[in-house]
Structures are given as C-alpha cells and as structure tokens.
Amino acid sequence: MTSTATRTIAEYTIVLAAWIDENSDNLDKFRRPVEGGVRGEVEHARELMALLYEAGWSRWGWPEEIGGRGGSELHRAALYDGLGAAGVEIPEVFVILETVAPVLAHYSPELAAEHLPAYLRGEEVWGQGFSEPEAGSDLASVRTSARVTDDGVLLNGQKIWMTLGPCADYAMVLARTGTPESRHRGLTMLWVDLASDGVTVRPIVAANGREEFAEVFFEDVHVPAEHRVGPQDGGWGVAMFLLQYERGMYAWLRQSILHHRLATVAGRVRPGDTRPSRAVGEAYVLLAALRARCATTVAALAEGRNPGPVVSVDKMLLSSAERATFDAARKAQFEEFVVSDDLESTRLRDEWFYSRAASIFGGAVDVQRDIVAQHVLRLPAGRSS
Ligand SMILES: Cc1cc2nc3c(=O)[nH]c(=O)nc-3n(C[C@H](O)[C@H](O)[C@H](O)COP(=O)(O)OP(=O)(O)OC[C@H]3O[C@@H](n4cnc5c(N)ncnc54)[C@H](O)[C@@H]3O)c2cc1C
C-alpha cells in the first residue's frame, strides 16, 4: 500500500492522487448514487469513511492528541479536492464533520479525542442543533433552555432542521442558560447524547420525499457538566467559531464537488446547443470566484486566523454557484431531469432541489448581504423608504 506518512501539502496531494488511482476499482461504488434514501447514503458513507480512515487520509488535518495525524485545514481541503476531482461523491457526513469537529477540537479536546476517531471511522453520526421554529436567522432568540444543576444541566425545548438528525448519535446543541431576555449573552453550547432519556427524534420528510432532517425534542434531558463545550454563557462565541467553518470550509468542500459535476455536465452539452453552453459558462465563472475566495479562507483557518465577517462572501458565492451548476445540469440533461426515474436522474433532481436550499442553510443570503454591508464594507445603516 502507498505510504501516507507525508507531511507537506504538496506531498499529501501527490500521494493521495496516486492512492486514488491505485484504488480506483474499490472507490468506484462511491462514484455512483445509492438506493435507500438518506439512510442508505449514510450506511454507504460509513464504508467510505472507514476506508479513508484506514488508509490514513481523513486523519490528516486533525491534531494528533485527538486521534489525527497532524497537519492543518489545508490537508482536509486537499482531501476534498482530490476526492472531488476523482469523481468520488463526498458524503454529507463530511459536511457535519467540517461544521462540528473544529469546535470540539478547539473547545473540548477531551470530547474530540473520544468522538472524532469514531466519526472518522464511520461509527458515529452527529448533528447540529441550532435552529428552532422561532430562531433561525435570529439565532440569539434560541429558547431551548439548559437549567444548571449540581452536575450539569437539564435540557428542555425543541430543535428543527437537524441535517442527518434521523441517523445522528450525538448533537452540538445551542441552549439558553441565561434569562429569556439575555439574547446572545445567555447561551451555552452542549454536546448531547441523542440516546439519552427524554430525547425524541422525529424525522422530517422533505418535499422530495427524503428524510434529510429531524426535529429533536428535549424533555428534562440530563447533560453532564463535562459535555459543556466552551464557557458557560459563552455559547455565542462558540457558535460564531463554528460558522466560519460552516461557511468557509464547507464552501470549499462543495466547490470541489461542483467543479466535477460541472465538468460532467459540460460533457453532455450537444454541439451548437447554446442555452446549456451559456449556463455552463456562467456556472464556471461563479465556481472560479468561489474557489479563489475559499482558498483565502482555508489559508486563514490553517494559520489559526479567524477570517471574520468576510466569510459571509464565501457563503453568498456558494449559494450562487450551487444554483448555477444545477441550473446548467437541468438545461443540459432536460429530458432526464423531467421524465426519467432511474437513480442518476433522481439524484439530478434531488441535487437541483437541494441547490435551492443553499441560500438558506448556514445563514440565509439576505442576512449575509447585511453582514457584508455593515461589517465588511462598513456602509452606513440606511433608512427604508
Ligand atoms: C438544507 C438545510 C439544512 C439545514 N441544516 C440545519 C442543521 O443541521 N442544523 C440547524 O440548526 N439548522 C439547519 N438548517 C436551518 C437553517 O439554519 C435555517 O433555515 C436558517 O438559519 C434560516 O432560518 P429560518 O428557516 O428560521 O428562516 P427565517 O430566519 O425565518 O428567514 C426567512 C426569510 O427571511 C429572511 N430574513 C430573516 N431575517 C432577515 C433580516 N434580518 N434581513 C433580511 N432578511 C431576513 C431570510 O433571508 C429568509 O429568506 C438547515 C436549513 C436547510 C435549508
């Protein structure tokens, strides 16, 4: 087997590409869509996770103290790029990994040491429990309460739209430890075992029929003190730390996938068919901008610098690039998109619908525009006419 004992990004990238090449047959099944809906995809993803862990690739980019092999975000970025370029589907579990694991690694290395290797081996699935029915864009109005006890907190309330919630074992939950009026000052981040007494996970069936999300209810759920992630009442800072990864690293991961998807779409455009040709060109320009922007973000994260509010630009570019890529796919594969019901066509439709959601998750783009206007460009606050 090819050695993975490499350190620099250049070495990592070259040896990874060689490994992907050598293992092309084994990886083939991860290039195709699978049956069984979200649960089927998660089971399939577990196999890929185990393979990448075994070969060492997914352990790079995480500190050795928590089960990684060292390196930085650049190693993870190189992994996503390498897999994306080889047409390997990067499953949704990696999205949650890039959202939740950096927080665990930074604020709770002990929890990270316990759970990260299991996640990377495909043995655990996690969720992100931020949104509530009355708290989405306005995250500071979270109402799920965490009443402090002698040995932890008692959790009561409801979360919604938890991606992979129907399959999740643990969740990173933002809860209120302060008064209802305390807004962002009275929030605490918790690591919650979803098998605990008092937790009810109810899958949400999306419009496309997929059980992509879950509502999660908490009724007097005991969360031990050592499962607090970051300081008591300091959950807002932890959430902001998480968002730089959810907006920046995730956008990088997606551009790796989208570049490959667009290349496939381009190969399907019939000569002289101007409508899809133009759509492919437009999507490519947006993807190039996204990649350039995210490269700066990933470099900042790798140096331990917080990219700050400008990471909202990554999120906005991602949203436009997602829509444009799957609009191009719809135009180039119009018949499959409209009438076929084989696995490939079903995936195409699912992806097109999901691309519409990119303007919402991780922070709605309208809100990102406001952040850029106020905190990046420092435009004066206007009055609505
Ligand atoms: C595919 C997907 C996956 C998700 N996964 C998760 C997950 O794993 N965990 C989790 O916690 N949540 C998740 N969410 C929820 C997501 O974070 C919220 O949907 C998002 O924050 C928006 O909140 P909301 O749905 O309550 O909409 P609202 O906040 O009610 O917004 C509704 C509309 O009003 C606009 N709006 C709101 N406030 C303003 C403002 N101040 N200025 C201008 N316009 C504004 C928004 O842009 C939007 O168009 C997911 C959502 C999607 C679509």
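In the predicted model, a polar backbone atom of Gln128 lies 2.7 Å from a nitrogen atom of the ligand. Phe130 also contributes through its backbone: one of its polar backbone atoms is 2.9 Å from a ligand oxygen. Ser137 uses its side chain instead. An N or O atom of that side chain is 2.6 Å from an oxygen atom of the ligand. On its own, the ligand has 980 Å² of accessible area, and the protein covers 64% of this.

The ligand occupies the space of the largest pocket. Three elements each give two or more residues to the surrounding shell: strand β3 (152–163) and the helices α11 (343–357) and α12 (365–376).

The shell holds 17 residues. Ten are nonpolar, five are polar and two are charged. Those that come nearest to the ligand are Gln128, Ser131, Ser137, Trp161 and Asp366. Gln128 and Ser137 thus appear both in this nearest group and in the polar pairs described above.

Two domains share the shell. Domain 2 (127–233) and domain 3 (236–376) both supply residues to it, so the ligand lies between them.

Methods
Residues are numbered from 1 along each chain as its sequence is written. This is a predicted model: local features need pLDDT of at least 70, side-chain atom pairs count only at pLDDT 80 or more; totals for chains, interfaces and linings use all residues. Side-chain values use heavy atoms; hydrogens and water are left out. A residue is near a molecule or strand if one of its heavy atoms lies within 4 Å of it. A polar contact is a pair of N or O atoms within 3.5 Å; within protein, one must be able to donate a hydrogen and the other to accept it, and residues adjacent in sequence count only if both atoms are side-chain atoms. Accessible areas come from the Shrake-Rupley method with a 1.4 Å probe; for residues, only the protein chains shown count as cover. On a 1 Å grid over the protein atoms alone, a cavity is a set of points where a 1.4 Å probe fits but cannot get out, and a pocket is an open set with protein on both sides within 12 Å along at least five of seven lines; lining residues have an atom within 4 Å of a point. A molecule sits in a cavity or pocket if more than half of its atoms lie within 2 Å of its grid points. Helices (H or I, at least four residues) and strands (E, at least two) are DSSP runs, numbered from the N terminus. Ala, Val, Leu, Ile, Met, Phe, Trp, Tyr, Cys and Pro count as nonpolar, Asp, Glu, Lys and Arg as charged, and the others, Gly among them, as polar. Domain bounds come from an automatic or database domain assignment.
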